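Q: Please take a close look at the nonpolar interior of this protein. I should like to know which residues and elements build it, and what can be said of the pocket and the ligand site.

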Amino acid sequence: MTNVHRDIAAGITVDDVWRCLGPGERSRAALAREVETATAEAVRLATPAAVSTSLGLVGARRGSARFDNDTVLEGRMLPHLLEGAEGAVFLIATAGQGIEARVAELFAAADTLEAFVLDAAGSATAMAVFSDVAARIAGELAAAGQRIGPCLKPGTDAWTIEGQRPIFGVLPAAEIGVRLLDSLLMYPQKTQSGIIPYGRDLRIVDDPDSSPCARCSAARCPMRREDYAGPLVESGSTLKRA
Ligand code: SF4
């Protein structure tokens with residue numbers, strides 16, 4: 001079943017906007033007023049919406065995972081990240097086009113600084129919308145006894161940008177005013193997409209304490225949940241961390 005979400009909290013703080021602007025410690029005092037203004041404006045201009053659906057996992061093998069409806073995701077890390085999964089929730093969430101329309105106006109008026117800061121506030125808002133809906137979905141899955149994996153997004157180390165195609169093949173993005181461009185970017189730009197793996201026996205889970213990453217030595221793994229703690233060693237009749 002496909003769900004359209006509209007009652008979404010898109011609240012952001014100035015710290016969220018700073019995270020999108022970069023460290024900028026030395027700029028903080030000089031830009032404080034602009035960041036505060038942009039934060040409030042982004043909240044006012046946002047029209048948050050999301051669409052989601054859950055698909056069962058049919059099988060995963062080297063480099064690909066097949067879901068219901070013949071939906072196939074391709075990515076080197078995906079079979080590993082979906083080990084033990086029963087399915088995944090596919091999700092697209094948007095802050096709407098109001099923020100970027102205002103950013104375009106500011107650029108056209110040569111208000112470049114305000115435009116850059118509002119653009120960062122728009123990015124923070126899109127993340128907040130996605131996180132709010134993802135947290136709600138994760139809560140429902142957890143209440144049903146499922147373990148939840150880290151959210152996987154196209155265009156990351158774990159999954160190439162080509163992953164946008166199956167997500168948009170599954171979800172009626174037009175219902176929330178989102179479309180996929182030929183470049184595989186999304187319009188509105190302040191939109192995020194991804195999948196949330198779930199399963200009672202899911203192996204790579206969101207909770208670092210429950211994932212096997214602490215005992216895995218894959219030094220450059222982009223999906224690591226916690227630091228490597230060394231191999232398990234035998235101590236009497238039990239195994240413990242070295
Ligand atoms: S660190 Fe190891 S166990 Fe954790 S996600 Fe990466 S490859 Fe998998």
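A: The account below begins with the interior and then turns to the pocket and the ligand. The model is a predicted one.

The largest nonpolar core comprises 31 residues. Within this core, the most contacts are made by Phe 67, Phe 90, Ile 92, Ile 167 and Ile 195. At least two core residues come from each of β2 (49–61), β3 (64–67), α3 (78–81), β5 (87–94) and α6 (164–170). The greatest contribution is that of β2, which provides 4 residues.

Ile 195 may serve as an example of the packing. Neighbours within four places in sequence being set aside, Ile 195 is in contact with Leu 73, Ala 88, Val 89, Phe 90, Pro 150, Cys 151, Leu 152, Trp 159 and Ile 167. Another core, of 20 residues, lies apart from the largest one and includes Ile 12, Leu 106, Ala 121 and Ala 128.

As to the pocket, the largest has a volume of about 280 Å³. It is lined by 15 residues, of which Gln 164, Met 186, Gln 189, Thr 191 and Gln 192 are the closest to its centre. Two or more lining residues are supplied by each of α5 (112–143) and β9 (191–199). By class, the lining holds 6 nonpolar, 7 polar and 2 charged residues.

The ligand, finally, is surrounded by His 80, Ile 204, Pro 212, Cys 213, Cys 216, Cys 221, Met 223 and Arg 224. This shell consists of 6 nonpolar residues, 1 polar and 1 charged.

Definitions and conventions:
Residues numbered from 1 in each chain as written. Predicted model: local features only at pLDDT ≥ 70, side-chain atom pairs only at ≥ 80, totals over all residues. Heavy atoms only, no water. Near = heavy atom within 4 Å. Nonpolar A, V, L, I, M, F, W, Y, C, P; charged D, E, K, R; others polar. Core = buried A, V, L, I, M, F, W, Y, C linked by side-chain atoms within 4.5 Å. Buried < 20%, exposed > 50% of the residue type's maximum accessible area, 1.4 Å probe, protein only. Contact = heavy atoms within 4.5 Å. 1 Å grid on protein atoms, 1.4 Å probe; cavity = no way out; pocket = protein on both sides within 12 Å on 5 of 7 lines; lining within 4 Å. Points joined across faces, edges and corners; volume = space filled by probe spheres on them.
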